[in-house]
Amino acid sequence: MTPARPLVHRLLRLLAVAALAGAGWAHADEYAGISQLIKQGKPREALAQLEPRIAANPRDPQLRFLRGVAQADAGQQAEAIDSFVQLTEQYPELPEPYNNLAVLYAGQNQLEKARAALEMAVRANPGYATAHENLGDIHIRLAIQSYARAQQLDPAVGASVAPKLKLLRELPAAKPQPALGR
């Protein structure tokens, strides 16, 4: 019976998150209004509306997620990272905070951290296409770094690495533009 106990706790946690998400449907207009402000490029206005709502509902993952997105859009990268890290710690079963955390890490060229966060997103939801796409983009950027480093370390490798680098650098994914989950 002891092995079943962790499973029961995990199921209860998932039910709690589902209940929070269900409660979110009751506030769909509230979320939609804030999301609309973010889409309109008004992250500071969105943050002004989010803060009192989060103070009243501090465990609402959707409000906290929107805060992280608004912070990122407002150029508050460190605060956004903190918001998403807290969400991943409290709700590790939610893939979107991992994805957005990875996007922020990638923007800072912290590709290994981005890769690890995306692997967690995919582990949380194997069907999350955005995280898979972003993970592929990160792998391309890591490959470019590895091939470039190989060329620096051993010029004799240059002949075999040069065509690979050329091909990879022509891919749109070689540019740091992973997609945020919103």
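User: Happy to start with a single residue: in which helix is the place of Asp 73?
Analyst: This is a predicted model, and Asp 73 can be placed within its helices. The element that holds Asp 73 is helix H4.

User: Is Asp 73 buried, partly exposed or exposed?
Analyst: The relative accessibility of Asp 73 is 31%. Buried requires under 20% and exposed over 50%. Asp 73 therefore counts as partly exposed.

User: How many Å apart in space are Asp 73 and Pro 43, C-alpha to C-alpha?
Analyst: Along the sequence, 30 residues separate Asp 73 from Pro 43. In space, C-alpha to C-alpha, the two are apart by 6.0 Å.

User: Where is Gly 75 found, and how far is Gly 75 from Pro 43 in space?
Analyst: Gly 75 sits in the loop between H4 and H5. With a relative accessible area of 52%, Gly 75 is exposed. Gly 75 and Pro 43 are 32 residues apart in sequence, and their C-alpha to C-alpha distance is 9.3 Å.

User: Back in H4, is Gln 62 buried, partly exposed or exposed?
Analyst: Gln 62 also has its place in helix H4. The C-alpha atoms of Gln 62 and Leu 87 are 9.7 Å apart, with their positions 25 residues apart in sequence. The relative accessible area of Gln 62 is 35%, so Gln 62 is partly exposed.

User: Good, let's look at helix pairs. Are H4 and H6 roughly parallel or roughly antiparallel?
Analyst: The axes of H4 and H6 come within 11 Å and cross at roughly 15°. Angles under 35 degrees count as roughly parallel. H4 and H6 are therefore roughly parallel.

User: Which residues of H6 make the contact with H4, and how do the residues of that contact divide by class?
Analyst: H4 passes H6 in a left-handed crossing. From H4 come Phe 65, Val 69 and Ala 72, and from H6 come Glu 96, Pro 97, Asn 100 and Leu 104. By class, the contact of H4 with H6 divides into five nonpolar, one polar and one charged.

User: Is H5 roughly parallel or roughly antiparallel to H6?
Analyst: The axes of H5 and H6 cross at roughly 150° and come within 9 Å. That angle makes H5, relative to H6, roughly antiparallel.

User: How many nonpolar, polar and charged residues does the contact of H5 with H6 have?
Analyst: The crossing of H5 past H6 is left-handed. On the H5 side the contact includes Ile 81, Phe 84 and Leu 87, and on the H6 side Tyr 98, Leu 101 and Leu 104 are among the residues met. By class, the contact of H5 with H6 has ten nonpolar, three polar and no charged residues.

User: And H6 with H7: roughly parallel or roughly antiparallel?
Analyst: The axes of H6 and H7 come within 8 Å and cross at roughly 165°. The cut-off for roughly antiparallel is over 145 degrees. H6 is therefore, with respect to H7, roughly antiparallel.

User: How many residues of each class does the contact of H6 with H7 have?
Analyst: H6 passes H7 in a left-handed crossing. Among the H6 residues in the contact are Tyr 98, Ala 102 and Tyr 105, while H7 brings residues including Lys 113, Ala 117 and Leu 118. The classes in the contact of H6 with H7 are twelve nonpolar, one polar and one charged.

User: What is phi of Asn 109 near?
Analyst: Asn 109 lies in the loop between H6 and H7, and its relative accessibility of 46% makes this residue partly exposed. Most residues other than glycine have a negative phi. Asn 109 has a positive value instead, near 60°.

User: Which residues touch the most other members of the largest nonpolar core?
Analyst: The largest nonpolar core has 38 residues. Elements giving two or more residues to this core include H2, H5 and H8. Those touching the most other members are Ile 34, Ile 38, Leu 50, Phe 84 and Ile 138.

User: To finish, how many helices and strands are there in the protein, and what percentage of its residues count as buried?
Analyst: There are nine helices and zero strands in the protein. Of the 182 residues, the share that counts as buried is 38%.

Technical notes
Residues are numbered from 1 along each chain as its sequence is written. This is a predicted model: local features need pLDDT of at least 70, side-chain atom pairs count only at pLDDT 80 or more; totals for chains, interfaces and linings use all residues. Side-chain values use heavy atoms; hydrogens and water are left out. A nonpolar core is a set of buried Ala, Val, Leu, Ile, Met, Phe, Trp, Tyr and Cys residues joined through side-chain atoms within 4.5 Å. Buried means under 20% relative accessible area, exposed over 50%, partly exposed in between (1.4 Å probe, protein chains only). Helices (H or I, at least four residues) and strands (E, at least two) are DSSP runs, numbered from the N terminus. Axes are lines fitted to C-alpha atoms, for helices over the stretch in contact, and angles run from 0 to 180 degrees between N-to-C directions. Angles under 35 degrees count as roughly parallel, over 145 as roughly antiparallel, 65 to 115 as roughly perpendicular and the rest as oblique. A crossing is left-handed if the near helix is turned anticlockwise from the far one by less than a right angle, and right-handed if clockwise. Contact means heavy atoms within 4.5 Å. Ala, Val, Leu, Ile, Met, Phe, Trp, Tyr, Cys and Pro count as nonpolar, Asp, Glu, Lys and Arg as charged, and the others, Gly among them, as polar.
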